[in-house]
Amino acid sequence: MTCLLPALSGANTIYGAGMLELGMTFSLEQVVIDNDIIKMVKKAMQGIPVTTETLSVESIQKVGIGNNFLALKQTRLLVDYPSDPMLIDRQMFGDWEHAGSKDLAAVANEKVTDILKNHEVPPIDADLLKDMQAVVDRADKAFREG
């Protein structure tokens, strides 16, 4: 897995997504797994807001300290707030098992297959393409003129 500790220390560049074997191998499945992890780290770096809703004081009073908060609607609504992974399955073990017991590599492979099959790249705006071509044309001309 990609080392994410620099991100937690304030670095703003994360390197190596999708790389295996010290970068000698590249995996599309690893890219989507790393993307999930990077997304969660970036969310954690934003901090967790402390509000009346996130503190859940009324829920704590209602349920009581030391009791089960998992059945509360508010808990279910906020459980993914710190991060909302695309691939990582947070179901209870029995529910995960009942849903087919797919490991992360299998889920990542399904995501890669879906992306390769269905993703459509939006076209670049015509004005932007024109500006980009002008840059290339100027560079070509400068190169030819030496």
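## A guided tour, beginning at D36

Select D36 first, and you will find this residue in helix α2, where helices (H or I, at least four residues) and strands (E, at least two) are DSSP runs numbered from the N terminus. What you have open is a predicted model, in which local features need pLDDT of at least 70 and side-chain atom pairs count only at pLDDT 80 or more, while totals for chains, interfaces and linings use all residues. Residues are numbered from 1 along each chain as its sequence is written, and side-chain values use heavy atoms, with hydrogens and water left out.

Stay with D36, which is buried yet has no salt bridge, the nearest side chain of opposite charge being K39, 4.8 Å away. Here buried means under 20% relative accessible area, exposed over 50%, and partly exposed in between (1.4 Å probe, protein chains only); a salt bridge is a side-chain nitrogen of Lys or Arg within 4 Å of a carboxyl oxygen of Asp or Glu. For charge, Lys and Arg count as positive and Asp and Glu as negative, while His and the chain ends are not counted. Now add P85, M86, L87 and I88 to the selection, since D36 is in contact with these residues when its neighbours within four places in sequence are left aside; contact means heavy atoms within 4.5 Å.

Next, select L28, which also lies in helix α2 (residues 28-45) and counts as partly exposed because its relative accessibility is 41%. Add Y15, M19, F26 and L116, which together with L28 make a nonpolar surface patch of about 580 Å². Patches are made of residues with over 30% relative accessible area and no salt bridge, like charges being joined within 9 Å and nonpolar side chains (Val, Leu, Ile, Met, Phe, Trp, Tyr) within 5 Å. Accessible areas come from the Shrake-Rupley method with a 1.4 Å probe, and for residues only the protein chains shown count as cover.

Then move to E110 and K102, which form a salt bridge with their closest N and O atoms 2.8 Å apart; a search of the whole structure finds one salt bridge.

Finally, show the whole protein chain, whose secondary structure comes to eight helices and two strands. Its mean pLDDT (the predictor's confidence in each residue, from 0 to 100) is 85, and 90% of its residues reach 70 or more. Over residues 1-7, however, the pLDDT is below 50, and this stretch has 17 contacts in the model beyond near neighbours in sequence. Where pLDDT is low, the predicted coordinates should not be read in detail.
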